Every structure is written in C-alpha cells, then in structure tokens.
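Let's work through some short exercises together. Have a look at the structure first, then try each task before reading its solution.

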Amino acid sequence: MESVLGRYRNLIILVGVLFLQVLGLAVQVKRSGNDAENTRLIRIWVVDAITPFERGLVWIESTSSSLWHNYIYLRGVRAENRELKQQIEQMRIEQVRLSEDASQAHRLQNLLAFKEQYIAKTVAAQVIGSSGSDLSRSVYIDKGEDDGLKRDMAVITADGIVGKILLVYPSTSQVLLINDQTSGVGVILEKSRLQGVLRGTNNGEVVLERIMSDEQVAPGERVLTSGGDQIFPKGLPVGTVTQVSNGKDLFLNIKIKPATDLSKLEEVLVLVEKQDREPVAEDSSHHRAADILAERLPSVPDKPPADVKATTGTATNAAKPGSPVKTAATTTTPTQPANATGTPQVAKNHAIANDHAAPAASTIPKALISGKPSSTTKPAAASAKPSDNLQTGTPSKAVVPPANPPSNLNSPKPAPAAQTNPSTPPQTEDNPQ
Amino acid sequence: MPITYTSGEQVEVYRFSIPATIGIPLLALFAQAFISRHSTSFSYIDLPLLITIFFAMARRNPISGLLTGAVIGLAQDALTGLPLGLYGISKTIVGFLASSLGVKLDVENAGARVLVILGFYMIHASVFFMVARGMVSLSLTWSWSRGILSGLANAIVGVILFYFLDKFKQRT
C-alpha cells in the first residue's frame, strides 16, 4: 500500500487539488446569485496585491500626460478654443429650443402622474485595470466602498452607459461592462419604441435580444436605456443598431455598436444616487387637470371686461371679472366658439374663465381635454346644460393632454403677446395654426 | 540545445529566490490586467500561463508545478468576475504536465519552447473550454484557428519572456 501511495503520490495530489477546485466551483455555481461575494476573501487578497501598482502607474501616466498637454504641447489650442466658442453659441441656441420641448414634455408627464428617475449624484472614477481575460469583460476603477460605491450601481460616461458595479472593495471596484456575456440591460429603441434586452457575447460584441422578427428595426437607430432594469435611469444612450438579421426562435438578431468605446475607457461616472420624482419641481400631490391648467395659464385680473373680450376674441361668455366667483365656478360653461379645435385659443379662453373662477376643478371642457374639435362644444349662449360639455370629477390620470398642446402650456410665464393678441400664434413648432 | 531525452538525474533542476517566486507571478498578473486595459488584443496573450509553464519546467517537480499552477490560476480567476476555479483547474493541469515533461525533457532552445508552449496553450484552452461549458455554462464556441493563432502568439511571447526569466534561475 505504501509503495502504491509513494509511486502515485504526484497523481494523487493532482487529483486532490483538482477535486477541491471542482468542488469549490460547484458550490459557487450552485450559489450563482452571489458567487463573487462568497469568494470575496480571495478576491480581496489578489485585488489588493495588484491594484496599488495599477493605481500608481495610472497616476504616473495621467500626470505626465497632463503635464505634456497642459503645459508643453499647446499647438492649435487657440484655433480649438475659437471652434469651441462657436460650438457653445450654437448649442445655446439649440438648448433654448430643447428646453422648451423638455418643459412641455415634463408638464404632460406630470399630468399623467409620471415619475422619472433623475441622476442625483455621481462619483467620477478612473479606470485603472481590467480583468485581463477575454472571457470576462470587466474593468477596475479607483473608487470603492470608501467613496460610497455599492454593488449594482450604474457606470456611465458622457457618451453613454458603460456597465454596472460588480464587486466593491475598500478603495477599488470591479465594473462589469455591457459587452460581457453575463451582463444584461433593459433598453428601448428610440424611434420604434421597441423594448429589448442588451447582452454581451463571448467575443465582446453587444446584441439586442427579445425583439420579434416581425418588427421593423433599421440600422442606424439609436438605442436608449428603458429604465426597466432598475439600474440605469431611463433615456441614457446605449448605442446604435449596426446590423439586423433574422435570428432563431422568432427573434431578430440585432447587433449594437456601443455609444461608449468600451476598449478605451479612462474616466467614468458612477451613479451613486438616483431620485424618483415628478418631472417638474412642483407639488406632486394629486392634481386635477383643471387645477394644473389654472395654476399655469396666464391671468389677467386687472384688465377691464372690454379688454378681455378683445383678447379672447369670440369668447364672449367667459366669466366676467365682475361676476361672482362662486357662481362662475359652479356654472362655468365652455367659452370657446363653435369652431374651437383645442388650439391655444381654446386654452387661453379657458384660462381666463378659470382665472376668475378659480376653483373650477371639475369643469375642464372636453374639447380641451381631447384636443379635438368637439361636436358637443357649443357657444355658451347655446349651452343649456353645462354638464354636456363638462367633464366632472374625472381624475387627472385619465386626462389626455391635447395632441398639439397650446404654447402657453410650455411656460408658466407666457409671453405677453400671446396673452393679449389672439391673432398671434404661439411660438411652437407644432402649432396647428 | 535541442529537446533531449534524459534521465531524471541528468536534467538540471533549478530553483528561484523568494522575491522572484512571488514577484514574477504577481508582475505577470499585473501586466496582464494593465496592458489589456489599453489593448484588448493583448487579452489573447496569457502571461500567467507562460509563467506557470516556465516555473514548472524549470523546477521539474510535479507537485510544485501543480501548486504553482493552482495558485496562479486562482489569482487570475480572482481578477475576473467569473467563479474561482476556471483558470485554477486549467493551470493546475498544465503545471503538472509541464513539470512532468520537464523531468523527461530538457527544453532550452527557442524552437522547442515554441512547440511546448503551443502544446500547453492548446491543453489549457481545451480544459478551460470544457470546464467553462460543462460546469459554469458559459456560452463559448471552440475555434481551432483562433486557438492555434493565439497559441502561436503566446509561444512567440513566451520564447522572449523565457529568455529574460532564465536569468532568475538558480542552480541547486
């Protein structure tokens, strides 16, 4: 027996070491949900041994690079500065237009009690190393638990999403990139609004899964985060569709080019705090549509009745300033003319009426709600039954904003011209007039 | 010197200083992680594998070889997000085989080293593939062309690397 053990000693030890590793692997695979946490100690030892060198080398690299670019190699900086200034001017103009659109969208979202996730706080981090394996697409960053980082936090750059925090160590963290085959991100196609799951492949490509083959997806379409994974806030750029082909199981095979160059990551942002809040910073209590409109639309309390008439054009039956408020509130009839089409004119008329009949919470006309010409909308003089044209007690959730919302919905403080001159169309691109 | 078949007593057994024993594998792991960050194609080069083969063949002790492979492999696993043991098992087997081969053969010249490294790279890749597919259910696809090309690239890097590492050898 001893001779057998002595003769096969090497082989027995090999089998023993392999058996232990296979056993360990089996345990980790069984607890697949949190396998990295179960082997945390070994990982900490290795990461603590490796990352200080990486950190030091990255520091030397970045310091020498910034020294060179900031103090020595300044060729073309003036020209670049001029170009950037021009770019800023163009972007400012663009920003004005976009902020108008955004504020309009936010208000409409608010009408639907829509909640969005906002990026409240980020931590900038530097990429210091990688896993070193083509089968594990992950990188190490120089921020960890000490900086408030936690597992599953989203990691992004200015260009788009990068991945999520996989493991957190005291001063470093491991980030699982979106092109790793174990990662998954909930995404939505920008134009077609189709939702799918973004996955990495074993060769480092990124594909979009779970899009049915009868759907139309065109190369070049942008892909954004859908927010469904509870890691990335909605609307962050993910990439663009590069190739679409029929895959197996009735699903399309869609290849995506990530918005961020994942092979050249240097600085990233970690989203350490997200906020669920209403799109606009207002009272988030349950408002009725009419309340919201009454709050936001312009008021003309100090104008004489004649002026109001002139302003509202045909809105002759608007609640007059002199009339009792309570009466106006309870019996307000739609004031738009018969040809009202849910245009800004209608909204304006209603606003004026509501201004003088402040608590007219449940008296928003259907024409305004639906944004369509209403056959039931009558001039006030012909309106015998106010309830015909009123939507009473309708919760705000059910309120659908007009397809072409009035421009004075865009801004809580509309331009004076829009208030006083009905013939002047609001300055919005989608004005039906 | 070409590959020569010798008896166990005839081949020279080397040892390494403690700083070299600890520092060289650590440096290999660090270089692997750091250079791969700048160049994704570098991830096809497996520096820890080359170090495992070098130490195993120089020491010519199967137990030492398999333990070196196990430790380096597990450390490499720890840097990835994958379960521990994938690289560990593969490198344990390579370490054992390399040191067993080292007992029989004396591989000193470049041509022989290219062949040996290519062979061990393929063994490592196939063991890794089997474990990753069979136990961890990673979706891997086997490619002969990719395997051989990566193996050749590793062999070339290995020959250069072994030339420098030979300087750390100490005669027993």
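Keep in mind that this is a predicted model.

**Exercise 1.** Are B:Phe54 and B:Phe55 buried or exposed, and how are their rings arranged?

Solution. Start with the surroundings: both B:Phe54 and B:Phe55 are buried. Next, recall that a pair of aromatic rings is described by the distance of the centres and the angle of the planes. Across all chains there are 11 aromatic pairs. In the pair formed by B:Phe54 and B:Phe55, the centres are 5.9 Å apart and the planes make an angle of 70°. Planes over 60 degrees apart count as edge-to-face, so B:Phe54 and B:Phe55 form an edge-to-face pair. Finally, look around them: ring pairs join B:Phe54 and B:Phe55 with B:Phe16 and B:Phe162 in a cluster.

**Exercise 2.** Find which rings the charged ends of B:Lys167 and B:Lys169 sit over.

Solution. Take B:Lys167: its charged end sits over the ring of B:Tyr163, 4.7 Å from the ring centre. Now take B:Lys169: its charged end sits over the ring of B:Tyr14, at 4.5 Å from the centre.

**Exercise 3.** Where is A:Gln21, and is A:Gln21 buried or exposed?

Solution. First locate A:Gln21 in helix α2 of chain A, which covers residues 9-30. Then check its relative accessible area, which is 8%. Buried means under 20%, so A:Gln21 is buried. To finish, look at its contacts beyond four places in sequence: among them are B:Ala70, B:Leu74 and B:Ile89.

Key
Residues numbered from 1 in each chain as written. Chains lettered and ligands numbered in written order. Predicted model: local features only at pLDDT ≥ 70, side-chain atom pairs only at ≥ 80, totals over all residues. Heavy atoms only, no water. Helix = DSSP H or I, 4+ residues; strand = E, 2+ residues; numbered from the N terminus. Buried < 20%, exposed > 50% of the residue type's maximum accessible area, 1.4 Å probe, protein only. Contact = heavy atoms within 4.5 Å. Phe/Tyr/Trp six-rings, centres within 6.5 Å; stacked < 30°, edge-to-face > 60°. Lys NZ or Arg CZ within 6 Å of the ring centre and 35° of its normal.
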